[in-house]
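Me: I have a protein model open and would like to talk through its pockets, helices and strands. Could you walk me through them?

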Amino acid sequence: MNEVKILWADDEIDLLRPHVIFLEQKGYLVTTVNNGGEAADLVESEFFDIVFLDENMPGLSGLETLQRIKKIDDTVPVVMITKSEEESIMEEAIGSKIADYLIKPVNPNQILMSLKKNLDQKRIRSEKTTSGYQQQFREISMQLMDRMDFVQWSELYKKLTFWGLELQASDDEAMSEIYKTQKAEANFQFARYISQNYLHWLNKPDEAPLMSHRLFPDRIIPFMKNSIKPVLVLVIDNLRYDQWKVLQPRISEFYRVESEEVFCSILPTATHYARNAIFAGMLPSDIAKNFPRLWKDEEDDGGKNMHEAEFLEDQLKRLRQDVKWSYHKITNLNAGKKLAENFHELSHNKLNVIVYNFVDMLSHARTDMEVIKELADDDAAYRSLTQSWFDHSPLLDILKQASESGQELVITTDHGTIRVESPVKIVGDKNTNSNLRYKTGKNLNYTVKDVFEVKDPDEAFLPKSNVSSSFVFAMQDSYFVYPNNYNHFVNFYRNTFQHGGVSLEEMLIPFITLQPK
């Protein structure tokens, strides 16, 4: 063990000599002082890994010493030791960023436990995580060899997400690489599963899992009917399941999770198709037939998600939901702030729907902006950036207000996103769409084994621009690149986050119901 330097300040430090000897026998270096002033001076002149601080010392009190130490070095962990159990003292100490709080008389094992918790916690957790994943690795590998149904795929993806988050907190790079390889294998097998089943689901809906166009009739409307309170439906677009898991602890401060489900985004896993399907309650070709004025094809100019409110209004009428409702789309910070300021006005509606576009903007910025590329270099950083945004966004305030006003909550999304690494060559004419994860057009040229192809869009309930149009979808972590200027675009888009294709991250997405606390 590397030598750990401990500073222990207590006006009765001589009585604690047995504790000091115990720690020194364990290999710790312990410096002792009997007053707060000297402790603060030592922290200023020397490095200590941790400080034990008696709360009730004459002269400079423990709390005053704590404040002085934190001004000198805010990162050093300080453990407060006190005879007092007064709540006000505990709260003041905790508010001053103490690492631990022990009540006298303390025994040597309590001190040792506090040291391990504060100094060895990361190492211990890393070792436990590595051991746990090693045990699960074989089990997951065996599952990937089986023929799984959608529920089993959902559970396996949740399991992989759990271990991805756990391994992120550890320093075991070797185990993280093993996890990355297993995740890639899972995505390979999942792409095969989708290619074998997706068209069947659309044409045999009784045998299909929950999909985008069934979200309102099968989940949201029943949730509303079972609630006597207003319901807030929050669609955070492009929200992956792992991003939901990092936001969950913050949201759980004022909402209790009632149910957590993973459903299947339709293809393409892109806003134009998947989100319109949610709000219309229809598959894309049916939307195009029923709303020819509102649906826009790939080659049409203008925004392709401009009519969600109209789609939702029509769907609510078809589902015979004669309720007072609102729809808001937030595409920038000022719009979010304005909604937060006026959110109280929505408390009398039975249904409030909010589409929050930030995560989608972040994923596109990840492609176009060098600064964002550096901030979101991998999945862990992408999650961290999402969490940081949420903690400082108007959306957090909106959810607090919703909880306070008693609104029940649904959190969901239209599709996820994946970090792409493997370029796939494709050739199309000038009318072929620009998305990197799916292509539609006529006379597309590609290697069949690299894609999930839908030669007849009617089978996938997708509109087609002309008789010979087809769709192809990138699988796993691949992305489409034209042969022209190939190397430039390969390097430009590699390791960016994209959506539209077939992967666990894009297709298996969260649907969460929550109750206000």
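What follows is a short run of questions and answers on this predicted model.

Me: Happy to start with the open space. Which helix supplies the largest share of the lining of the largest pocket?
Reply: Good place to begin! The largest pocket holds about 920 Å³ of space, and 29 residues line it. Elements that each give at least two of these residues are α7, α8, α17 and β11. The largest share, eight residues, comes from α8.

Me: And what is the character of that lining: how many charged residues does the largest pocket have?
Reply: Among the residues nearest the centre of the largest pocket are K180, D379 and R419, and Asp, Lys and Arg count as charged. Over the lining as a whole, seven residues are nonpolar and seven are polar. The charged residues in the lining of the largest pocket number 15.

Me: What volume does the largest cavity have?
Reply: The structure holds one cavity of 30 Å³ or more. Its lining includes Y273, W295, K464 and F471, and by class there are four nonpolar, two polar and four charged residues. The volume of this largest cavity is about 60 Å³.

Me: Back to the helices. Which residue caps the N-terminal end of α17?
Reply: α17 covers residues 379-391 and reaches 18 Å from its first C-alpha to its last, close to the 18 Å expected. At its N-terminal end, a side-chain oxygen of the capping residue lies 3.3 Å from the backbone nitrogen of A380. That capping residue is D378.

Me: Which residue plays that part for α7?
Reply: α7 has 19 residues and spans 27 Å, close to the 27 Å expected. Its buried residues include F150, W153 and W163, along with K158 and E166. The cap at the N-terminal end puts a side-chain oxygen 3.2 Å from the backbone nitrogen of V151, and the residue is D149.

Me: Now a strand: why is β3 described as largely enclosed by the rest of the structure?
Reply: I50, F52 and D54 point one way from β3, while V51 and L53 point the other way. Residues on both of these sides are buried. β3 is largely enclosed because the buried residues number five of five.

Me: Which residue of β4 does F52 stand opposite?
Reply: β3 pairs in the parallel sense with β1 over four bridges, and W8 stands opposite F52 there. β3 also pairs in the parallel sense with β4, again over four bridges. In β4, the residue opposite F52 is V79.

Key. Residues are numbered from 1 along each chain as its sequence is written. This is a predicted model: local features need pLDDT of at least 70, side-chain atom pairs count only at pLDDT 80 or more; totals for chains, interfaces and linings use all residues. Side-chain values use heavy atoms; hydrogens and water are left out. On a 1 Å grid over the protein atoms alone, a cavity is a set of points where a 1.4 Å probe fits but cannot get out, and a pocket is an open set with protein on both sides within 12 Å along at least five of seven lines; lining residues have an atom within 4 Å of a point. Grid points are joined across faces, edges and corners, and a volume is the space filled by probe spheres set on the points. Helices (H or I, at least four residues) and strands (E, at least two) are DSSP runs, numbered from the N terminus. The expected span of a helix is 1.5 Å times one less than its number of residues. A polar contact is a pair of N or O atoms within 3.5 Å; within protein, one must be able to donate a hydrogen and the other to accept it, and residues adjacent in sequence count only if both atoms are side-chain atoms. Buried means under 20% relative accessible area, exposed over 50%, partly exposed in between (1.4 Å probe, protein chains only). Two strands pair if DSSP finds at least two bridges between them.
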